[in-house]
Amino acid sequence: LLFVVGIITAGMPKVTTQTITSSALAPAWNNKTIVLFADSHFGVVRNERLAKKIVALVNAQNPDAIFIAGDLIDGPDFPYDATLRHLAEFTPSIGTFYTAGNHEEYNEHKTEFVNALPANVTVLNDKSTIANNTEIVGLTFKMEPRDATLARFSIIKKDSSLPTITILHDPKNAPVLAENGSALTFSGHTHGGQFYPFAFGVRAIYGPLTRGLNYFGDGATFTTIGVGTAMSPFRLFVRPEIVVMKIL
């Protein structure tokens, strides 16, 4: 019975709302709507059906900007175009920004995958771009110490006069970015544990970074519990989500 509940829950993403206080970002973003999602894990198990559901749910929020914090796909080859083409229906006024997570690294045809992404999706794999008077920095997944993540951030960030929003799939090193110039860092990766009792183990590893909002120094971090599934196709008491944010 719990397995059946978990299968059903995994296919029912919810909308979570979050208000973030940021004096650095508020001048440009306080009247904007941001949508964040991560960990869709499109592939053999989760594909076109989930893509349609995500797009409909995101567009219903009328977002000004969309951030995709990694693990968009789940490694093995699958019909990229059939699933990813639905992302072309995103129409935020500021843009859609995506940075790869660890599961993209398991894919052996990265060029074909990236080429299948619609033109409206800005890919920030160890790159940055300027949007809405903000520098958006994307740091790809790497297993590295905090100092190495900070060094990459310092190299990629180009304009010290602008506030920064960073996409960093694994939240482990997000605090050091918040303390050193990233006004807001978006992450995923943890799935909130995805199901209990496994969630207790994830919480033991990531602590408060497992899910939700945290402040470190002058910056903030936010970890979404994700909108898809990995390893097992169910979620138990950890319902998938997209996050709608307002910055004050």
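Here are five short exercises, each with a worked solution, on the predicted model shown above.

**Exercise 1. Two pockets**

Find which residues lie nearest the centre of the largest pocket, and work out which helix gives the largest share of the lining of the second largest pocket.

Solution.
- Step 1: Begin with the space inside. The largest pocket holds about 410 Å³, and the second largest holds about 160 Å³.
- Step 2: Look at the walls of the largest pocket. Its lining has 20 residues, and His 189, Thr 190, His 191, Phe 198 and Met 231 lie nearest the centre.
- Step 3: Sort that lining by class. You should get nine nonpolar, ten polar and one charged residues.
- Step 4: Turn to the second largest pocket. Ile 7, Gly 11, Val 45, Arg 46, Asn 47, Arg 49, Leu 50 and Lys 53 line it.
- Step 5: Sort these residues too. Three are nonpolar, two are polar and three are charged.
- Step 6: Match the lining to the helices. Helix α3, residues 48–59, provides the largest share, with three residues.

**Exercise 2. A loop with two surprises**

In the loop between β9 and α8, find what kind of peptide bond joins Tyr 196 and Pro 197, and decide whether Gln 194 is buried or exposed.

Solution.
- Step 1: Recall the usual pattern. Most peptide bonds are trans, and most residues other than glycine have a negative phi.
- Step 2: Locate Pro 197 between β9 (184–187) and α8 (198–206). The bond joining Tyr 196 to Pro 197 is cis, with an omega of about 10 degrees.
- Step 3: Now go to Gln 194, which sits in the loop between β9 and α8. Gln 194 is not a glycine, yet its phi is positive, at about 70 degrees.
- Step 4: Check the accessibility. Gln 194 has a relative accessible area of 4%, so it counts as buried.

**Exercise 3. Another positive phi**

Find where Asn 132 lies and how its accessibility is classed.

Solution.
- Step 1: Asn 132 belongs to the loop between β6 (127–131) and β7 (134–139).
- Step 2: Read its backbone angle. Phi is positive, about 55 degrees, although Asn 132 is not a glycine.
- Step 3: Buried means under 20% relative accessible area and exposed means over 50%. Asn 132 has 22%, so it counts as partly exposed.

**Exercise 4. Inside the largest nonpolar core**

Name the residues with the most contacts inside the largest nonpolar core, and find which element gives the largest share of this core.

Solution.
- Step 1: This core has 26 residues, and Phe 37, Phe 42, Leu 72 and Leu 84 have the most contacts inside it.
- Step 2: List the elements that give two or more residues to this core: β2 (34–37), α3, β3 (65–68), α4 (80–84), α5 (110–116) and β12 (241–247). The largest share, five residues, comes from α3.
- Step 3: Zoom in on Leu 72. Beyond its neighbours within four places in sequence, its contacts include Phe 37, Phe 42, Leu 84 and Phe 113.
- Step 4: Look further. Another core, of 24 residues, lies apart from this one; Leu 25, Ile 34, Leu 36 and Ala 183 are among its members.

**Exercise 5. A buried asparagine**

Find which backbone oxygen lies 2.9 Å from a polar atom of the side chain of Asn 214.

Solution.
- Step 1: Place Asn 214 in strand β10, residues 212–216.
- Step 2: Its relative accessibility is 14%, so Asn 214 counts as buried.
- Step 3: Leave aside neighbours within four places in sequence. Asn 214 is then in contact with Pro 208, Leu 209, Gly 219, Ala 220 and Thr 221.
- Step 4: The oxygen you want belongs to the backbone of Pro 208.

Technical notes
Residues are numbered from 1 along each chain as its sequence is written. This is a predicted model: local features need pLDDT of at least 70, side-chain atom pairs count only at pLDDT 80 or more; totals for chains, interfaces and linings use all residues. Side-chain values use heavy atoms; hydrogens and water are left out. On a 1 Å grid over the protein atoms alone, a cavity is a set of points where a 1.4 Å probe fits but cannot get out, and a pocket is an open set with protein on both sides within 12 Å along at least five of seven lines; lining residues have an atom within 4 Å of a point. Grid points are joined across faces, edges and corners, and a volume is the space filled by probe spheres set on the points. Ala, Val, Leu, Ile, Met, Phe, Trp, Tyr, Cys and Pro count as nonpolar, Asp, Glu, Lys and Arg as charged, and the others, Gly among them, as polar. Helices (H or I, at least four residues) and strands (E, at least two) are DSSP runs, numbered from the N terminus. Buried means under 20% relative accessible area, exposed over 50%, partly exposed in between (1.4 Å probe, protein chains only). A nonpolar core is a set of buried Ala, Val, Leu, Ile, Met, Phe, Trp, Tyr and Cys residues joined through side-chain atoms within 4.5 Å. Contact means heavy atoms within 4.5 Å. A polar contact is a pair of N or O atoms within 3.5 Å; within protein, one must be able to donate a hydrogen and the other to accept it, and residues adjacent in sequence count only if both atoms are side-chain atoms.
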